[in-house]
Amino acid sequence: MSDYLLIRNVLPFKNKSASKELIDLLIGQDGLLEQVGSKIKAPTNSKKLDLKGAYLSRGWVDLHTHIYHGATDISLLPDQIGMQTGVTCLVDCGSAGEANFEGFKRYIAETAQEKIFSFLNIGSIGLVACNRVSELALGYRSVDFDRTLKVIESNRSLIRGIKVRASQVITGDLGVECVRLAKKLARISELPLIVHVGEPPPLLDDILPVLEKGDVITHAFNGKAGGNIMEDPHTFALTKEAKSRGVVLDVGHGKSSFSFEVAKFALKHGLSPDVISTDLHSHNYQGPVYDFPTTLSKLLTLGMSLEEVIECVTTSPRLVLSETVNENWLVPGQPADFTAFTVESVKFKAFDSMGTELLIREFILPQLAVLGAKWEQCQSRGWEQLASGNQPLFAPESSPEMM
Ligand SMILES: [Zn+2]
């Protein structure tokens, strides 16, 4: 193992856009940046990587994933979707509830090489048997305020939000009441509320007024009947108004929660995502989602600029997590947390959750992820699958997505 990592020839994203000047970075064994500049002299015992003009941004954050592997029936391992694909920070979005949070902390968060956070499910059992036993199946008895608040209080460093799945298949007759309960928990604990939207009821029209600055709508660009933002001008206006007061719109692609048509419509009418996330779990890992870089490339193709895409996966999600967005991230003495990537010209057919096709001509391909003293040369499963012309493997069952 080398004492130093020397990264040569990268173009850093500074002030939201890429610099035109190539720089080198030297990272010490302690995971701190030691030198930043041009033509840094390599110390003895250093691993040297020439990235030949690749871009460099803060480490990518995937704000909506499922990584409580072994304790829920849908979760992946952090290793499968983390640094290997350019992601240095993974947020588990509601897989754990108060009753099983300790396992998440001990066996996932404390062992992963990525930085890990959790949005705690308001249902005590979390997503143990995700598509079979709703975490709100017992109605009001599914939520235990006392225990949930205690778990949050004991795990402030890990729990950065409250998650509620506001789809009829989950909520049963609780309807929008579950969002109000979750909002109450979020207010008491001073955390943001993350609301999954999908099959109504509850209606987005009833959910949006409950949300405040910093709260998040995930699956914001879904194409579900009665639950999407495109089909009713009133709902679209309400969503725009929510965004203008600071409600965060997150993509949360998922198996059935992202529509190219809805995203195109929203972008055309001035409503862009604030955060881009995958909702990766075992039913969409083999397509249509595959991985984080594939999702980013879809948004780039749909009309977002590279600068906007990078903002949506670096600065914006860190603000949701109440993490410091360090302006001096490229200054010696700072902990290393970077993703290096290239934008490759391609001709790939990709699909959304509705089975709609999109021709991708530019692919955001991660090259290297560095977090402290750990680093990994990256790859993209989506890139490999789409390049070989493979069709996504849609899960055989036709159940609505409930993640
Ligand atoms: Zn999910």
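1. Helix α9 crosses helix α10 in the right-handed sense (the near helix is turned clockwise from the far one by less than a right angle). The two, residues 292-301 and 306-313, pack at about 140 degrees with axes 9 Å apart. Axes are lines fitted to C-alpha atoms, for helices over the stretch in contact, and angles run from 0 to 180 degrees between N-to-C directions. α9 and α10 are therefore oblique, being outside the ranges under 35, 65 to 115 and over 145 degrees.

2. Leu-296, Leu-299 and Leu-300 of α9 meet Leu-306, Val-309 and Val-313 of α10 (contact: C-beta atoms, placed from the backbone, within 7 Å).

3. This is a predicted model: local features need pLDDT of at least 70, side-chain atom pairs count only at pLDDT 80 or more, and totals for chains, interfaces and linings use all residues. Numbering starts from 1 along each chain as its sequence is written. Helices (H or I, at least four residues) and strands (E, at least two) are DSSP runs, numbered from the N terminus.

4. An open sheet holds seven strands, ordered β6-β7-β8-β9-β10-β11-β12, with parallel pairing (at least two DSSP bridges between two strands). β6 and β12 are the edges, each pairing on one side only. Twist averages 25 degrees from one strand to the next.

5. At one edge, β6 joins β7 (residues 87-93) through four bridges. Trp-60 faces Val-87 there. Six of the six β6 residues are buried (20 or more other C-beta atoms within 10 Å of a residue's own, placed from the backbone).

6. At the other edge, β11 and β12 share three bridges. Ile-217 has Leu-249 as its bridge partner.

Methods
A residue is buried if 20 or more other C-beta atoms lie within 10 Å of its own, exposed if 12 or fewer, and partly exposed in between; C-beta atoms are placed from the backbone. Two residues are in contact if their C-beta atoms, placed from the backbone, lie within 7 Å.
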